[in-house]
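Subject: Structure for you to look at

Dear colleague,

I am passing on the structure we spoke about, and my notes follow below it. Please read them with the model open beside you.

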Amino acid sequence: MKALKVNKARLWGSLMEMAKIGATDKGGCCRLALTDLDKQGRDLYIRWAEEAGCVVKIDQVGNIMATRPGEDMSLPPVGTGSHLDTQPTGGKFDGVFGVLSGLEVVRSLNDLGIKTLHPIEISVWTNEEGSRFAPAMMGSGVVSGRFTLQEILDKVDVEGKRLGDELKRIGYAGETPVTGRQYHAFFETHIEQGPYLEAEGKTIGVVTGGQGQRWYDVELTGQESHAGTTPMHLRTDALTCSAELILAVQSIAQQHKPGCGTVGFMQVGPNSRNTIPGKVTLSVDLRHPDDAALSDMDAQLQETVARLTQETGVKIELKPIWYYAPIPFAPQCIEAVRTAAAALGYSHMDIIAGAGHDACYVSDFAPTSMVFTPCLNGISHNEIESTTAEECEAGCSVLLNAMLQMAEVVAIEGVEAPQVLQKVSQL
Ligand code: GLV
Ligand code: MN
Ligand code: MN
């Protein structure tokens with residue numbers, strides 16, 4: 001079967017339209033999970049999916065499933081999808097590209113009059129980012145059984161707002177059960193969010209797996225005291241201790257190449273310029289593609305905490321809040337992506353996902369892979385995140401052909417059954 005291409009202008013137009021919801025001054029997007037803006041993005045997506053002939057359902061954790069019927073509805077769908085929520089200073093493409101690529105696949109199949117044996121399903125997963133509510137990948141995590149529905153509904157944001165209440169408030173506490181979901185195969189298209197495809201001059205990343213992650217909440221308790229009257233040797237300063245901890249996180253990652261270590265969230269109490277900080281809460285994010293190395297990073301972090309407690313007198317509570325081991329994707333889905341990229345004539349390379357993706361959790365219960373496309377200077381989680389219509393077209397076209405390999409073409413409008421495959425090869 002000759003490779004098919006999607007409609008570049010339509011895909012780009014939809015990306016730009018969605019980017020207006022939560023648009024920031026610097027050209028990015030802020031659509032935090034389960035806010036009013038997230039609701040607006042979801043509503044727009046559902047309108048588009050229904051206009052494209054999909055049947056839309058919402059599950060108990062707010063995931064949206066849009067289904068294009070297949071000839072045999074007793075078969076599990078071939079799935080795709082990603083997320084519409086963003087970071088506070090997020091870009092226009094992280095997640096959204098994967099969702100709207102799914103929609104563009106459906107729109108292209110409609111244009112071509114192609115009927116598939118398996119249904120096609122596009123998911124919008126709830127709270128992939130893990131920014132407003134931690135951890136990340138919650139919607140896919142509940143469906144995969146990594147998290148229970150109740151523990152996720154009970155998560156609170158920094159203002160104490162409960163996820164389950166916010167889901168109801170925006171009208172996305174659905175009824176479809178989170179259990180029993182099946183896919184014949186699942187593919188997620190995503191910008192790479194890193195520098196490798198651009199550096200190697202490749203159009204497509206064939207994603208072979210995702211690196212492992214460990215997240216922690218850390219609470220440091222020292223003693224608040226007067227900034228002008230407390231001699232330096234009598235202080236128990238939670239913030240200077242945090243500074244040492246942050247540098248240790250950086251050093252642990254540097255000793256475990258290609259591991260990453262980040263402290264991205266911090267609150268200082270009482271946050272007053274002339275009081276020595278008595279309380280700090282911060283986050284630690286450790287990642288590595290090798291699980292043994294990730295465990296070693298974890299052990300070093302624990303040792304650092306014990307050492308700093310002893311040296312500074314600051315009480316440090318290190319609370320692990322999330323762990324998942326590196327995820328290998330399914331060989332048949334990796335091969336479908338590689339075959340599709342080659343058939344379209346795109347340069348490609350194998351790559352491991354550095355970010356967390358819903359596909360990592362879907363891979364627990366379905367054969368899965370991902371399609372990566374380059375992004376300018378490898379920058380993501382930033383309002384300046386940038387890619388081109390051509391790069392999006394390439395990733396989405398690979399998705400279309402990888403999905404068709406799995407979903408099986410049974411008919412094309414206006415073509416007699418015996419000629420079907422021949423007709424596809426002429427497109
Ligand atoms: C999700 O965007 C993550 O990898 O942190
Ligand atoms: Mn993402
Ligand atoms: Mn992200």
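Is Cys241 buried or exposed? Cys241 is buried, with a relative accessible area of 1%. Please bear in mind throughout that this is a predicted model, so that every value here is computed from it.

The other cysteine I looked at is Cys54, which also counts as buried, at 7% relative accessibility. Its sulfur lies 13 Å from the closest cysteine sulfur, that of Cys396, and this is too far for a bond because a disulfide needs the two sulfur atoms within 2.5 Å. With that cut-off, the count of disulfides comes to zero.

The metal sites take up most of my notes. The manganese ion written as ligand 2 has as its protein donors His83 (NE2), Asp94 (OD) and His190 (NE2), which lie 2.0 to 2.3 Å from the ion, and in sequence these donor residues follow the spacing H-x10-D-x95-H. His83 and Asp94 both sit in the loop between strand 3 and helix 3, so the pair ties together parts that are eleven residues apart in sequence. Both His83 and Asp94 are buried.

The manganese ion written as ligand 3 is coordinated at 2.1 to 2.5 Å by Asp94 (OD), by Glu129, which is listed twice through OE, and by His381 (NE2); here the donor spacing reads D-x34-E-x251-H. This site links distant parts of the chain, since Asp94 belongs to the loop between strand 3 (78-82) and helix 3 (96-112), whereas Glu129 belongs to the loop between strand 5 (120-124) and helix 4 (138-144), 35 residues apart. Glu129 is buried, as is Asp94. What connects the two sites is Asp94, which coordinates both manganese ions, ligand 2 and ligand 3, and these ions are 3.6 Å apart.

Finally, a word on the second largest pocket, which holds about 390 Å³ of space. Its lining is made up of 16 residues, and those nearest its centre are Lys57, Thr67, Met73, Pro77 and Glu121. Strand 1 (55-58) and strand 2 (64-68) are the elements that give two or more residues to this lining. Sorted by class, the lining of the second largest pocket comprises eight nonpolar, five polar and three charged residues.

With best wishes

Technical notes. Residues numbered from 1 in each chain as written. Chains lettered and ligands numbered in written order. Predicted model: local features only at pLDDT ≥ 70, side-chain atom pairs only at ≥ 80, totals over all residues. Heavy atoms only, no water. Donors = N, O, S within 2.8 Å, 3.2 Å for Na, K, Ca; no water. Helix = DSSP H or I, 4+ residues; strand = E, 2+ residues; numbered from the N terminus. Buried < 20%, exposed > 50% of the residue type's maximum accessible area, 1.4 Å probe, protein only. 1 Å grid on protein atoms, 1.4 Å probe; cavity = no way out; pocket = protein on both sides within 12 Å on 5 of 7 lines; lining within 4 Å. Points joined across faces, edges and corners; volume = space filled by probe spheres on them. Nonpolar A, V, L, I, M, F, W, Y, C, P; charged D, E, K, R; others polar.
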